[in-house]
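Dear colleague,

I am handing over the structure we spoke of, and below it I set out what was found. Please read the notes with the model open beside you.

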Amino acid sequence: MTSMTGYAYQEKTYDMAVVSVEIKSVNSRFLDLSVNLPPYLASLEADFRKQITSSLARGKVDVNIRVKETDGQTEVIADTSAAKAYYQAILKVKEACALNGDLPLSMIISQPGVLTVNKSYDIEKYRSFIQPLLDSALEIFIEDRKREGENLKKDLLEKLSLLDTAAAFFKEWQPKMEEAFKAQISQKFNELLGDKADQNRIMTETAAMLVKYTINEEIVRLSSHLKAMREEIQTNPVPGKKLDFICQEANREINTIGSKNQFAEVGAMVIKAKDALENIREQSKNVE
């Protein structure tokens with residue numbers, strides 16, 4: 001079992017650049033991956049995205065790859081023809097406006113096209129810098145999520161044990177609930193009819209009442225859901241979505257048991273079971 005939250009950071013200084021890789025994630029219903037690279041390395045994104053996606057199933061994952069150049073190859077080209085043209089045009093404006101003073105050089109070189117900066121990037125060289133850091137950071141990130149996932153698994157199993165106890169409690173109280181229904185029906189008939197009460201009629205009404213209010217089917221289905229839940233937790237590496245669905249089904253059975261209940265003890269256990277189930281449902285949103 002793996003948590004959807006995790007963090008990893010790796011950094012290394014090379015001769016021409018300082019490179020860092022940061023990976024962090026939070027909960028998300030699906031895999032929402034964002035890979036941030038310097039614009040000149042955008043061609044590497046597809047390969048990095050494919051590698052990361054193959055290792056993750058769910059979560060909002062942000063991967064930030066930063067490159068701080070320390071020895072970049074930069075070429076600055078001056079377009080002297082454009083500079084002269086700008087100078088002549090600006091000079092005409094100055095004369096037309098009867099302005100005094102010299103034209104500053106900064107006004108000329110700041111015009112579009114006068115100075116062009118060309119930087120050459122060896123993409124594969126940068127890939128060789130980034131790839132080992134990404135591999136290392138991704139490994140640390142996955143281990144961090146697994147470590148947190150084990151803690152979540154322990155908590156889920158503890159809450160599931162509480163639900164197992166609740167299911168056993170409901171099963172123990174089922175015959176007591178049925179006896180209570182029988183006693184209530186017999187009492188009503190006897191109050192209304194006294195000695196004239198028809199025992200066959202009482203039995204028929206009791207059977208009809210038991211069909212309506214017995215919790216045997218709910219207990220069977222609840223036990224089945226809890227078994228499926230335990231199997232998902234123990235064997236499925238990405239049980240999050242399935243756990244959420246099973247919780248909905250188990251909650252329906254517990255609600256029905258509560259609506260048919262006649263005992264304070266059963267009502268108290270229903271509350272405990274719903275609380276444990278809600279905890280499981282919330283935790284299921286934190287795992288893949």
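Two residues count as being in contact when heavy atoms of theirs lie within 4.5 Å. On that basis, among the contacts in the chain between residues at least 6 apart in sequence, 80% join residues that are at least 24 apart. Please bear in mind throughout that this is a predicted model.

As to the overall make-up, the chain holds eight helices and six strands, and, read from the N terminus, its elements follow the order β-β-β-α-β-β-α-α-β-α-α-α-α-α. Of the 288 residues, 36% are buried, while the chain exposes about 16,800 Å², 52% of which is supplied by carbon and sulfur atoms.

Turning to the interior, the largest nonpolar core has 32 residues, and those touching the most other members are Leu-163, Phe-170, Leu-222, Met-229, Ile-233, Ile-257 and Val-266. Two or more residues of this core come from each of α4 (123-193), α6 (216-235), α7 (240-260) and α8 (264-284), with α4 giving the most, namely eleven residues.

Ile-257 may serve as an example: when its neighbours within four places in sequence are left aside, Ile-257 is in contact with Phe-170, Ile-215, Glu-218, Ile-219, Leu-222, Val-266 and Val-270. Apart from the largest core lies another one, of 27 residues, which includes Leu-41, Phe-48, Ile-52 and Ile-130. As general background, nonpolar side chains in soluble globular proteins tend to be buried together.

With best wishes

Definitions and conventions. Residues are numbered from 1 along each chain as its sequence is written. This is a predicted model: local features need pLDDT of at least 70, side-chain atom pairs count only at pLDDT 80 or more; totals for chains, interfaces and linings use all residues. Side-chain values use heavy atoms; hydrogens and water are left out. Helices (H or I, at least four residues) and strands (E, at least two) are DSSP runs, numbered from the N terminus. Buried means under 20% relative accessible area, exposed over 50%, partly exposed in between (1.4 Å probe, protein chains only). Accessible areas come from the Shrake-Rupley method with a 1.4 Å probe; for residues, only the protein chains shown count as cover. A nonpolar core is a set of buried Ala, Val, Leu, Ile, Met, Phe, Trp, Tyr and Cys residues joined through side-chain atoms within 4.5 Å.
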